[in-house]
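Visitor: Could you take me through this structure slowly, with each term explained as we meet it?

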Amino acid sequence: MLAHSHSSLSLHESPGRSTAMQENKLVGFIGLGIMGKPMARNLIRAGYRLVAYDINPEPVEELVATGNAQAGKNPKEVAEQTQCIVLMLPNSPHVEEVVLG
């Protein structure tokens with residue numbers, strides 16, 4: 001569950017309804033493959049704005065086309081622009097590469 005540290009709001013409490021948290025916070029999303037892209041789309045449907053990154057630019061461009069996401073140039077840029085990041089990566093070496101550089 002994704003929750004803000006100063007609030008009890010979560011993704012599960014307000015599907016389809018914007019909250020102050022959703023309107024003011026950018027969520028980072030790295031990894032837009034088979035599982036990641038649908039998850040990112042669900043966040044957008046729930047009212048979140050995303051900063052998205054993937055090594056394949058096509059799914060990032062699809063999310064940007066919704067008007068509720070922007071493209072991150074790299075994982076570092078996603079981290080610099082957001083307070084919360086979702087990683088949806090295939091395995092540990094990919095996570096290490098993204099997190100540690």
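**Burial, layout and cores**

Visitor: What percentage of the residues in the chain is buried?
Guide: This is a predicted model, in which local features need pLDDT of at least 70 and side-chain atom pairs count only at pLDDT 80 or more, while totals for chains, interfaces and linings use all residues. Residues are numbered from 1 along each chain as its sequence is written, and side-chain values use heavy atoms, with hydrogens and water left out. Buried means under 20% relative accessible area, exposed over 50%, and partly exposed in between, with a 1.4 Å probe and protein chains only. Of the 101 residues in the chain, the buried ones make up 34%.

Visitor: In what order do the elements of the chain run from the N terminus?
Guide: Helices (H or I, at least four residues) and strands (E, at least two) are DSSP runs, numbered from the N terminus. The chain has 5 helices and 4 strands, and their order is α-β-α-β-α-β-α-β-α.

Visitor: Which element gives the largest share of the largest nonpolar core?
Guide: A nonpolar core is a set of buried Ala, Val, Leu, Ile, Met, Phe, Trp, Tyr and Cys residues joined through side-chain atoms within 4.5 Å. The largest one has 14 residues, with Val27, Phe29 and Leu50 among those with the most contacts inside it. Strand E1 (26-30), helix H2 (36-45), strand E2 (49-53) and helix H3 (57-64) each supply at least two residues of this core. The largest share, 3 residues, comes from H2.

Visitor: How many residues are in the other core?
Guide: This core lies apart from the largest one, and Leu26, Ile30, Tyr53 and Val78 are among its residues. Its residues number 5.
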